[in-house]
Amino acid sequence: MSARRVVLIGYGAIAADIAAVLLAARDPGYALAVLLRPGSSSAGRVPEDVPILSGPDAVAAFAPDLVIEAAGHGAVRESVPGCLALGLPVLISSIGALHDEALYADLVATARRGGGRLLLASGALGGLDYVRAVRHASQLDLRYESRKPPAAWSSELRALGHDPAALSRPVTLFSGTAREAAARYPQNLNVAAALALAGPGFEATGVDVVCDPAATGNTHLVRVSSEFGTMSLEIANQPSPTNPKSSWIVAQAILAAVDQHFSPVVMM
Ligand SMILES: NC(=O)c1ccc[n+]([C@@H]2O[C@H](COP(=O)([O-])OP(=O)(O)OC[C@H]3O[C@@H](n4cnc5c(N)ncnc54)[C@H](O)[C@@H]3O)[C@@H](O)[C@H]2O)c1
């Protein structure tokens with residue numbers, strides 16, 4: 001079987017974990033390339049035999065079967081439209097970028113025109129299948145709480161006058177809609193955006209962001225109730241060893257999505 005061709009956008013904590021697994025895979029193997037901004041400090045971490053691409057022309061020449069974004073909201077704006085316009089499937093992890101209605105509409109239109117597909121990774125969260133199933137319920141109530149240790153919120157805590165190392169009790173940093181949360185915390189609230197898009201939308205998805213010195217990992221709490229029943233889901237993720245803002249599981253979730261993308265059997 002010939003190698004599956006994958007372009008990774010970005011080469012940080014998540015992309016490096018993904019690359020390590022795909023480069024070790026055999027039968028089929030994977031041919032990888034990495035799309036980075038010119039002069040990116042991440043270039044030095046990319047394995048020597050993996051080509052570094054700098055724009056849509058180079059992506060087109062590499063002819064990938066799949067593009068994976070693990071780079072941030074900026075990359076969804078800068079690089080994803082060009083890949084969709086080439087007719088490629090693009091799996092994005094920075095779903096929070098889609099809180100911008102104009103960007104989302106533009107990406108959908110570009111995908112339709114070019115034959116590309118925007119694939120949304122479940123990332124750090126589970127249970128999106130249930131949320132999708134109840135999305136049209138007439139009595140739907142969906143609330144999400146993110147609870148992370150101070151290391152994930154150092155700069156935000158300092159901005160509020162707290163010393164992250166001396167925090168003795170939980171601090172609620174935010175309470176509001178998924179749209180505001182995704183806009184305010186681009187690196188931390190992709191999960192809220194995923195819930196909003198699976199469920200009743202950005203305005204109807206309630207979000208609380210709590211920084212808790214007693215938290216040992218990144219905890220996601222999702223509560224759903226509707227005429228169909230209730231769901232209460234708690235996930236406690238270990239932070240990535242190389243980026244405390246990201247959960248370690250995210251790369252594994254994306255690898256599972258890659259598997260589904262190429263599989264003749266798909267779980268919906
Ligand atoms: N869906 C989820 O559950 C979830 C969870 C965690 C992180 N994420 C998303 O994944 C992203 C990456 O996470 P990470 O921990 O690997 O971050 P990281 O900071 O370790 O790495 C980011 C990488 O992207 C590169 N980059 C930044 N902007 C770019 C651009 N415009 N074009 C190309 N490359 C660019 C950086 O140089 C770096 O290599 C986060 O920014 C976040 O949006 C999603």
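Biologist: How much area is buried between domain 1 and domain 2, and what share do carbon and sulfur atoms give?

Modeller: Keep in mind that this is a predicted model. About 920 Å² is buried between domain 1 and domain 2, and carbon and sulfur atoms give 68% of that. On the domain 1 side, His-73, Ile-95 and His-99 lose the most area to domain 2, together 48% of what that side buries.

Biologist: Where do I find those two domains along the chain?

Modeller: The domain assignment puts domain 1 at 4-123 + 249-262, in two pieces, and domain 2 at 128-237. Their centres, taken over C-alpha atoms, are 25 Å apart. As for contacts, twelve residues of domain 1 touch eleven residues of domain 2.

Biologist: And the ligand: why do we say that it lies between the domains?

Modeller: You look at who supplies the shell around it. Here domain 1 and domain 2 both give residues to that shell, so the ligand lies between them.

Biologist: How many residues surround the ligand, and which are the closest?

Modeller: There are 26 of them, and the closest are Ser-42, Ser-94, Ala-124, Asn-243 and Ser-246. By type, the shell has twelve nonpolar, twelve polar and two charged residues.

Biologist: Which polar atoms of the protein should I look at around the ligand's oxygen atoms?

Modeller: Check both backbone and side chain. A backbone N or O atom of Ile-14 sits 2.9 Å from a ligand oxygen, and a polar backbone atom of Tyr-11 is 3.0 Å from an oxygen of the ligand. From a side chain, Ser-40 places a polar atom 3.4 Å from a ligand oxygen. As for cover, the ligand has 870 Å² of accessible area on its own, and the protein covers 88% of it.

Biologist: Which elements give two or more residues to that shell?

Modeller: Those are α1 (13-24), α3 (73-78) and α9 (190-198). Of these, α3 gives the most, with three residues.

Biologist: Now the backbone. What should I expect for phi and for peptide bonds?

Modeller: In general, most residues other than glycine have a negative phi, and most peptide bonds are trans. With that in mind, go to the loop between α1 and β2 (30-35), where Pro-28 lies. Asp-27 lies in that loop too.

Biologist: What kind of peptide bond joins Asp-27 and Pro-28?

Modeller: A cis one, with omega about 5°. Asp-27 also has a positive phi, near 55°, and is a residue other than glycine.

Technical notes
Residues are numbered from 1 along each chain as its sequence is written. This is a predicted model: local features need pLDDT of at least 70, side-chain atom pairs count only at pLDDT 80 or more; totals for chains, interfaces and linings use all residues. Side-chain values use heavy atoms; hydrogens and water are left out. A residue is near a molecule or strand if one of its heavy atoms lies within 4 Å of it. A polar contact is a pair of N or O atoms within 3.5 Å; within protein, one must be able to donate a hydrogen and the other to accept it, and residues adjacent in sequence count only if both atoms are side-chain atoms. Accessible areas come from the Shrake-Rupley method with a 1.4 Å probe; for residues, only the protein chains shown count as cover. Helices (H or I, at least four residues) and strands (E, at least two) are DSSP runs, numbered from the N terminus. Ala, Val, Leu, Ile, Met, Phe, Trp, Tyr, Cys and Pro count as nonpolar, Asp, Glu, Lys and Arg as charged, and the others, Gly among them, as polar. Domain bounds come from an automatic or database domain assignment. Contact means heavy atoms within 4.5 Å. Buried area is the accessible area (1.4 Å probe) that two parts lose on being put together, summed over both.
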